[in-house]
Amino acid sequence: MRARTGQNLRSSTRRDGRRRRAVSAAAAMAVGVMTLGVLAPPAASDSAAPAAAAAGPDAVQRALNTLVRDDGMPAALASVKDRNGRARTYTAGVGDLTTGSKVPRDGQVRIGSNTKAFTAVVVLQLVGEGKIDLDAFVDTYLPGLVRGEGIDGNRITVRHLLQHTSGLPDYGVHLDDDEIRNRYFEPRELLDLALDHPADAEPGKTWGYSNTNYVLAGLIVQKVTGRPLAEEMDRRIIQCIGLRHTYFPAPGEMTVREPHPRGYHRSPEDGPLRDFTEMDPSAGWAAGQLISTNSDLNRFFTALLAGRLLPAAQLAEMRTTVPVGTSGLRYGLGLTSRTLSCGGVYWGHGGDIAGYETRGGVTDDGRAANVAVTSIPTDEAAVRHVSEAVDTALCG
C-alpha cells in the first residue's frame, strides 16, 4: 500500500539506493523478484468474444500471458470495459501453484491502496455535507492526538492527509511481514508507530506517500460520524453503487470470501515463495484493507468520475493534482492520473499488498480497465509490463 514514485504508485520506495524494510500488510513492500519457472497460460477467457479468443489471443490476453510467461507471475487477471459499455474478463496462469487450479474469472483479490480512494471519497462526501473542512487542521477533529518530533496536528490539514503532503512518516516501514501476518492492529497502534519517528518534511512542502495519512483520515471519519469506517464505506459507496464483490474484512477475518486466486510473496527477499493468501489485513485499515474484484474496481472508478459519488465541487478537488516525480504521474486527493500512450490520461489509484498487486483506472470518455497479479512485481521489466497491460487495455 505504499508508493513508489515514477511510473507506478507502488509499495516499494528507496532511500540512498537501498530498499527500505520489507512490509506486507501495512506498507505492502515488495521483498523479492518472482523466480518461478515458466507457467503456460491457459486459453483466453474473453467473456464477450469467444470467436476472437478461438482465432487467437487479443492484445490484452497477450499482455497477461507475458506477465505469467516472462515475469513469473503465478496468475494475472483483467477486466476491461470499452466506451460502449462492453465488458470483457481475462485470466492467465494458475490460481493455485500447489493444485494447478484455474484462475477464477474476475476473482476477488486484496486491493491494497485502492482502499485510499474509497477513504478519500467518504471524507469528501462529509466535506460536501459540511461536516469536514478540507483546509481545517487535524486538531480540529482529533485534538492533541498528532504530536511528535517535528509533527503538530495544528499545522497539518485534512487536504495534506489526502494528498500525501503532510510530511508524516509512514508507519508501515517499521513493521515486518511475519509480525503482522497474524496480528490484529488497532488504528491508534498504527498511528503511534508513526509518531515514534520524526517528520519526513514540513506540512505542505513536498509530496511523500505515507499510509499514516489515511489512518488519520479514517479516524477523522469515525470521529465526525460516530460510526466505524467500514460501515460508512459500505453504506456510502459499496451498497450505494452496487459493488457486489467488495468488502472491508471484519476484525480477525483472514480469508477471502469468494472465489479467488491465491497470492504469493517472498519475505525475506532471498527466502522461498510463500502463500500469503490468508493474512490479517488490519495493518492496512483505511490505507489498504479492502477486498474486491477488477470489475468492481472498474464500476467504482467509473461511478466516481461520472459524479455519482461526489458533488461536482468535491470531485473537482479530488482531481486537483500535484506532480509525483518526473514521470507524468500526478496525485490528487486519493486519486491519481497517468498518461496513456494513445493520448490523454486515466484516473485511478493502484495497490500492493503481500500476494497481490492491482493497477488500472478509467478515462473521461468511459473506458475502464483493471489488472491484478498474484505477486508484487519488483523487477523493473515486470513493473513495466503491468503498466503496459493497463495501457493496452485502455488504448486498444
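This is a short selection-by-selection tour of a predicted model.

**Whole chain**

Start with everything displayed. The chain holds eleven helices and 17 strands. Colour by burial next: of the 396 residues, 60% are buried. Now switch on contacts. Among those with a separation of 6 or more, 69% link residues 24 or more positions apart. Add a surface. About 14400 Å² of the chain is exposed, and carbon and sulfur atoms supply 49% of that area.

**The disulfide**

Select the sulfur atoms of Cys342 and Cys395. They form a disulfide, with an S to S distance of 2.1 Å. How many disulfides does a search of the whole structure find? It finds one. Check the torsion about the S-S bond: it is -75°, a left-handed link. Cys342 sits in the loop between β13 (336-339) and β14 (345-348), while Cys395 belongs to helix α11 (residues 380-395), so the bond ties together parts 53 residues apart in sequence.

Keep the pair selected and look at its cover. Cys342 has 42% relative accessibility, so it counts as partly exposed. Cys395 is at 25%; buried would need under 20%, so Cys395 is partly exposed too. Then pick Cys240. Its relative accessible area is 47%, which again means partly exposed.

**Asp170**

Move to the loop between α4 (158-163) and α5 (177-181), and select Asp170 there. Is Asp170 buried or exposed? Its relative accessibility is 3%, so Asp170 counts as buried. Show its side chain and draw a distance to Gly172. The Asp170 side chain reaches the backbone nitrogen of Gly172 at 2.9 Å.

**Helix α9**

Select residues 294-305, which make up helix α9. Pick the C-alpha atoms at its two ends: they lie 17 Å apart. Twelve residues at 1.5 Å each should span 16 Å, so the length agrees with expectation.

Now colour α9 by burial. Which of its residues are buried? Near the start of the selection list come Asn294, Asp296, Leu297 and Asn298. Phe300, Phe301, Ala303, Leu304 and Leu305 are buried as well. That makes nine of twelve, and α9 is mostly covered. A view along the axis helps here. In an α-helix there are 3.6 residues a turn, so residues three or four places apart point the same way.

Finish by stepping just past α9 to Gly307. Read its backbone phi: the value is positive, about 85°.

Key. Residues numbered from 1 in each chain as written. Predicted model: local features only at pLDDT ≥ 70, side-chain atom pairs only at ≥ 80, totals over all residues. Heavy atoms only, no water. Helix = DSSP H or I, 4+ residues; strand = E, 2+ residues; numbered from the N terminus. Expected span 1.5 Å × (residues − 1). Buried < 20%, exposed > 50% of the residue type's maximum accessible area, 1.4 Å probe, protein only. Contact = heavy atoms within 4.5 Å. Areas by Shrake-Rupley, 256 points an atom, 1.4 Å probe, with all protein chains shown as cover. Polar contact = N/O pair within 3.5 Å; in protein donor to acceptor, adjacent residues only side chain to side chain. Disulfide = S-S within 2.5 Å.
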